[in-house]
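Dear colleague,

Please find below the structure for your review. My notes on it follow directly after.

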Amino acid sequence: MSLTAVFAAMLAAATPISDRDIAAPGPQGPLKGSWTGPEGANVPVVLMIPGSGPTDRDGNSPLGIKAASLRLLAEGLAAQGIASIRIDKRGMFASAGAVPDPNRVTIDDYAADTRAWIAAIRARTGAPCVWVLGHSEGGVVALATAAARPEGLCGVIAVSTPGRPLGAVMKAQIHANPANAPLLADADRAVASLEAGHTIPAETLAPPLRGLFADAVQPFLINAFAKDPARLAAAIARPLLIVQGEADLQVSVEDATALKAAQPKATLILLPGVSHVLKTVEGDSRGANLATYADPNLSLAPGVVGGIARFVLAHPAR
């Protein structure tokens, strides 16, 4: 065991672990989250940004995702002496009061909220800086936050994060499912319009696509599609860790290597047989992969917690 790991274990054993609510200022009301882990000015702190759509602080969604990946990650990091804050995005869940309409948001808005969280955490704890970990679309938010070089940022941990603009990722995901063959022309038309900065009436699309490209979310998609994660990664001046499962159905290893190519100083961790929600896939079938999204009792894959913890502890806050 390295000296860093020994120190982390001693710190975790000596420091009381807490799990409590925490808040930061939002646009029209507070942003809410959960603090998990030890407390103290010398404790590393990781702020976790959840993925797309109605994904909560634990990494779950009413759309069928129950993996609790972010909660499990928080618990694992706490055991390594690292604190974390998991958040509900503005307008959703406990942060519902932050804005009246959760659909009237942009990646830039989420990045502004991330900066507010960093400032609030530092003011509350005395920590010199905060790590920002983003999962999936949350990784793009983390990269956008870091590219602006805010005060008090330790570095970025991009987990299952696209290395291409989100429009290209969405097209690839739709095309990857053979059942979507009848929808591809409409899907491609919608993505092309939004990439060009133009809305498209959802009612003109095939019915299965009208929720995905709902009129209310199209301004968000236009803003999101304009972000190039690789370009954002290239602008980062702080440490960057890229974590990618090799069995991810939504984000590819090529995305991770694109981020690494854009920021050669980054550290890349590839996890064989690991899904988008950071769990080991038993078998090669799509069904087995999707099953990892639905089981909160399934542990995170080996290497996830340890890899992130080692990176954070190897870069002391400054």
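The notes below cover the nonpolar cores and the aromatic pairs.

This is a predicted model, in which local features need pLDDT of at least 70 and side-chain atom pairs count only at pLDDT 80 or more, while totals for chains, interfaces and linings use all residues. Residues are numbered from 1 along each chain as its sequence is written, and side-chain values use heavy atoms, with hydrogens and water left out.

The largest nonpolar core (buried Ala, Val, Leu, Ile, Met, Phe, Trp, Tyr and Cys residues joined through side-chain atoms within 4.5 Å; buried means under 20% relative accessible area with a 1.4 Å probe, protein chains only) comprises 57 residues. Leu47, Ile85, Trp117, Phe213 and Leu240 have the most contacts inside this core. Helix H3 (residues 107-125; helices are DSSP runs of H or I, at least four residues, and strands runs of E, at least two, numbered from the N terminus) gives the most to the core, with 7 residues. A second, separate core has 29 residues, including Leu77 and Cys154.

The whole structure holds 2 aromatic pairs (ring centres within 6.5 Å, using the six-membered ring of Trp; planes over 60 degrees apart count as edge-to-face, under 30 as stacked, the rest as tilted). Tyr110 and Phe220 are edge-to-face, with centres 6.2 Å apart and planes at 65°. Tyr110 belongs to helix H3 and Phe220 to helix H7, so this pair ties together parts 110 residues apart in sequence. Trp131 and Phe311 are also edge-to-face, at 5.6 Å centre to centre and 70° between the planes; both residues are buried.

With kind regards

Key. Buried < 20%, exposed > 50% of the residue type's maximum accessible area, 1.4 Å probe, protein only.
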